[in-house]
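User: I am a first-year student, and I would like to understand how descriptive terms are justified for a protein model. Could the reasoning be set out step by step?

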Amino acid sequence: MLVPVKWLKDYVDIDIDTVEFADMMTMTGTKTETVEFFGEGIENVVVGKILKIDSHPNAEKLVVCQVEVGEGKTVQICTGAKNVSEGDIVPVALDKAKLPGGIKIKTSKLRGELSEGMMCSANELGINEFYVDDKSKDGIYLLNDFDGMEIGKDIKEALGLYDAVIDFELTANRPDCRSMIGIAREAAVTIGKKIKYPEIEVKECDEEIDFDVKIENPDLCMRYGARIVKDVKIGPSPYWMQRRLIEAGVRPINNIVDITNFVMLEYGQPLHAFDLNQVKTGKIVVKTAENGEKFTTLDNVERTLDDKMLVITDGEKSIALAGVMGGLNSEITDETTAVLFEGAAFNAENTRRTSKVLGLRTEASGRYEKGVATETSKTGVERACQLVEMLGCGRVLKGIAEDYPTKQEKVVLNVNPSRIIKNIGAPITLDEFVKILEDLEFKCNLKSAEEIEIEVPDFRLDMEQEADVYEEIARIYGFEKIPSAQLEGNVTAGVKTDKQKFMDKIKETATSIGLYEILTYSFVSPKSLDRIKLPLDSAKRNYIKLLNPLGEDTSIMRTTMMPSTLNVLYTNASRKVEQALVFECGHTFTPQEGLPIENNHLCIGMYGKDVDFFVLKGSIEKIFSSVGFEGYEIIPETNNSTFHPGRCATIMYKGQYVGTFGEAHPEVIENYNLTQRVYLGEIDLDLVYDNSDRTIIYNPLPKYPSTSRDIALLVKKDVYVGQIEEIIEANGQGLVESYKLFDVYTGSQIADGYKSVAYSITYRSKDKTLTDEDVAKVHDKILSELETKLDAKLRTN
């Protein structure tokens with residue numbers, strides 16, 4: 001926030017060097033960004049008056065001016081400016097004058113005519129032309145309308161160019177400091193002075209106000225007050241007010257608008273002025289807009305409103321967006337003769353939403369978004385009416401029209417001063433403690449060394465808990481006065497938790513088998529659940545909606561990671577990547593009463609020439625094996641709409657659902673614009689973690705040799721290899737060391753409805769070298785059981 005020091009001195013007696021003051025403010029928590037001194041480098045520049053203008057005899061684009069510069073002295077100046085006339089008051093840089101940027105002026109000849117100086121533009125005096133009227137832009141700075149422009153007077157004194165402006169960086173939790181009064185409060189406490197509040201006294205005329213105000217949405221508008229000014233004379237505001245607005249970064253417009261901006265900068269209370277002649281109903285109604293309502297704001301842009309936006313109406317039509325911007329249909333113009341001043345307190349969240357949805361940010365909305373004290377709204381309107389009387393630009397009617405349905409509640413904190421002092425670690429007495437808070441305008445009731453009751457002033461919207469009191473005491477006492485102390489406590493080495501190590505092992509194994517790790521957002525679109533063909537009654541459609549999403553595509557918390565993985569596969573495929581095998585360890589979110597449940601999931605996705613169902617299955621099994629997860633079942637799944645019928649399996653563990661994997665359904669593949677088969681799997685890692693045994697058991701190298709037998713079985717097509725493997729394991733009698741499926745065949749040599757399944761079985765004993773008889777006994781038992789339970793027969797051809 002830009003703070004002119006000269007303006008600040010109206011409220012607090014600053015009798016120290018400006019740079020020193022700025023440094024002190026930084027130390028008490030109001031950080032100084034820059035200190036800029038206006039008028040630096042300006043010397044020998046005075047107020048002048050153009051007496052006569054003649055054409056230049058040797059240059060068509062130049063004129064020769066006779067300019068009075070004080071004490072009866074007249075100088076001749078040549079200029080090419082087109083906006084000067086005889087009688088104009090202008091800044092004149094005399095011979096040997098200096099201007100900002102190191103520019104020096106001296107007497108010289110222009111095309112043969114003597115020029116004894118230079119008439120200055122606003123830019124040449126260090127004043128941004130954005131803040132000057134149109135007559136002075138791209139030309140000489142005309143001072144005709146300014147008071148106190150005495151001929152020959154030093155220009156710095158005449159224009160107030162001897163001031164400093166401090167740019168303070170304010171934190172979002174201190175909206176009370178976004179005003180001159182707010183900064184003055186901090187300044188007074190910082191330098192040990194008393195603040196001088198403006199004495200507000202409105203001189204009203206005899207005419208009573210006859211106007212009505214009604215708030216229909218007290219949650220969105222807590223207070224609304226209006227005062228009326230008649231016999232308004234629209235014109236430029238006095239130079240002292242213009243100068244203060246300019247130094248604070250606001251462009252002067254006219255006296256009425258300047259008054260509203262002046263009060264906003266002074267008190268932090270945004271005001272708005274309506275042309276009363278355009279509010280013909282004699283009332284203000286504050287309510288939400290109609291859905292789809294069209295409204296043209298002061299910037300002459302037609303905007304479409306919705307039914308969540310608060311508007312100010314005259315009971316028939318909208319005339320302003322509450323807290324954001326007024327309407328073109330009620331703006332102040334040169335023909336305005338009666339004005340309605342608005343002072344209100346609007347809901348911060350609603351103002352922020354309206355501003356964001358419409359893409360319209362203003363000084364007013366920026367203040368309302370961060371919070372404006374309800375009690376300040378009436379003060380702001382009263383101050384505006386006082387300034388109207390001071391400037392003589394209108395007649396203030398008696399009384400105020402107001403609706404105040406939602407009172408601002410007093411905040412009272414009960415804290416322990418002794419604990420606060422001890423934790424700060426400074427020798428602060430209880431008297432000093434209380435004085436600091438009272439200087440900050442808190443009301444204190446010290447009950448004991450362990451208890452103090454603090455009533456927070458209305459303007460301090462940031463004070464909510466004891467921790468806030470810590471900050472107030474420490475910063476005003478002085479951080480630099482708090483003695484430093486060594487940290488105390490036991491030092492412990494940071495180590496990963498068992499679950500973090502488990503997750504690391506999952507990722508390590510996945511990358512070691514050729515998968516690439518990806519990372520996607522937890523915020524997704526609700527449409528993504530439709531794209532993976534999730535049933536309408538699926539529990540995964542019970543998701544968490546974000547209150548303030550960045551957009552529809554990131555408006556919910558994901559309940560499944562498959563849409564995110566499919567998006568990554570699409571991105572790779574669209575960039576002509578021939579093969580992609582990816583995985584992600586991330587979170588899904590399930591709503592419940594209170595905080596949602598956050599689950600750890602593993603999602604794997606892959607496509608490519610050598611990728612199929614069994615590559616995905618093998619990857620999952622390898623990952624499970626690496627973390628000691630055993631005893632699970634892989635069961636065929638035919639009813640999962642996300643996956644291809646007959647090419648999908650569910651993983652179960654003791655009746656608990658672990659995950660699903662398989663080939664994505666053709667319609668899902670089409671929804672993601674993929675042109676080849678895609679394989680997906682999603683695993684509940686929390687369940688895997690809870691049921692895995694990561695204990696490493698040492699097994700010595702075998703002493704005795706192994707022997708193997710190959711078998712080729714003829715079984716029906718509906719027999720799963722898992723059924724065969726269960727029988728092999730169950731009948732191994734401790735001698736089956738391993739088995740491996742090496743062939744599945746159907747063809748002309750195999751009868752219809754059957755398939756050939758070939759296994760290699762390895763036998764080994766820990767106690768002796770196996771004989772053929774030992775192996776044959778177990779091997780025959782396995783074959784017998786396969787025939788009995790699965791009608792499997794040895795293939796002979």
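The discussion below concerns helix crossings and pockets in this predicted model.

User: Why is helix H10 called oblique to helix H12?

Analyst: The axes of H10 (residues 417–424) and H12 (residues 466–477) come within 10 Å and cross at roughly 55°. Angles under 35 degrees count as roughly parallel, and 65 to 115 as roughly perpendicular. The crossing angle belongs to neither class, and therefore H10 is oblique to H12. The crossing of H10 with H12 is right-handed.

User: How do you know that H10 and H12 meet, and which residues are involved?

Analyst: Contact means heavy atoms within 4.5 Å. On the H10 side the residues are Arg419, Ile420, Asn423 and Ile424, and on the H12 side they are Glu466, Val469, Tyr470, Ile473 and Ala474. By class, this contact holds 6 nonpolar, 1 polar and 2 charged residues.

User: What makes helix H11 roughly perpendicular to H12?

Analyst: The axis of H11 (residues 430–439) comes within 10 Å of the axis of H12, and the two cross at roughly 95°. Since the range for roughly perpendicular runs from 65 to 115 degrees, the conclusion is that H11 is roughly perpendicular to H12. From H11, Phe433, Ile436 and Leu437 make the contact, while H12 contributes Val469, Glu472, Ile473, Ile476 and Tyr477.

User: What is the division by class in the contact of H11 with H12?

Analyst: The contact of H11 with H12 has 7 nonpolar residues, no polar residues and 1 charged residue.

User: Why are H19 and H20 called oblique to each other?

Analyst: The axes of H19 and H20 (residues 772–790) come within 9 Å and cross at roughly 140°. An angle must be over 145 degrees to count as roughly antiparallel. The value also lies outside 65 to 115 degrees, so H19 and H20 are oblique to each other. H19 passes H20 in a right-handed crossing. Gln723, Ile724, Ile727 and Ile728 in H19 touch Ile782, Glu785, Leu786, Lys789 and Leu790 in H20. The residues of that contact comprise 6 nonpolar, 1 polar and 2 charged.

User: What makes a residue part of the lining of the largest pocket, and which residues lie nearest its centre?

Analyst: A lining residue has an atom within 4 Å of a point of the pocket. For the largest pocket there are 30 such residues, with Lys617, Ile634, Tyr720, Val721 and Gly722 nearest the centre. The space in this pocket is about 1,300 Å³.

User: Which helix supplies the largest share of the lining of the largest pocket?

Analyst: H19 supplies the largest share, 6 residues. Among the other elements that each give at least two residues are helix H16 (613–626) and strand E35 (643–653). The lining of the largest pocket comprises 15 nonpolar, 5 polar and 10 charged residues.

User: What is known of the second largest pocket, and which residues lie nearest its centre?

Analyst: The second largest pocket has a volume of about 860 Å³. Its lining has 34 residues, and Ile253, Val257, Asn261, His272 and Leu298 lie nearest the centre. Elements that each supply at least two lining residues include helix H6 (255–267), strand E22 (339–346) and helix H8 (363–370). By class, the lining of the second largest pocket has 20 nonpolar, 9 polar and 5 charged residues.

Definitions and conventions
Residues are numbered from 1 along each chain as its sequence is written. This is a predicted model: local features need pLDDT of at least 70, side-chain atom pairs count only at pLDDT 80 or more; totals for chains, interfaces and linings use all residues. Side-chain values use heavy atoms; hydrogens and water are left out. On a 1 Å grid over the protein atoms alone, a cavity is a set of points where a 1.4 Å probe fits but cannot get out, and a pocket is an open set with protein on both sides within 12 Å along at least five of seven lines; lining residues have an atom within 4 Å of a point. Grid points are joined across faces, edges and corners, and a volume is the space filled by probe spheres set on the points. Helices (H or I, at least four residues) and strands (E, at least two) are DSSP runs, numbered from the N terminus. Ala, Val, Leu, Ile, Met, Phe, Trp, Tyr, Cys and Pro count as nonpolar, Asp, Glu, Lys and Arg as charged, and the others, Gly among them, as polar. Axes are lines fitted to C-alpha atoms, for helices over the stretch in contact, and angles run from 0 to 180 degrees between N-to-C directions. A crossing is left-handed if the near helix is turned anticlockwise from the far one by less than a right angle, and right-handed if clockwise.
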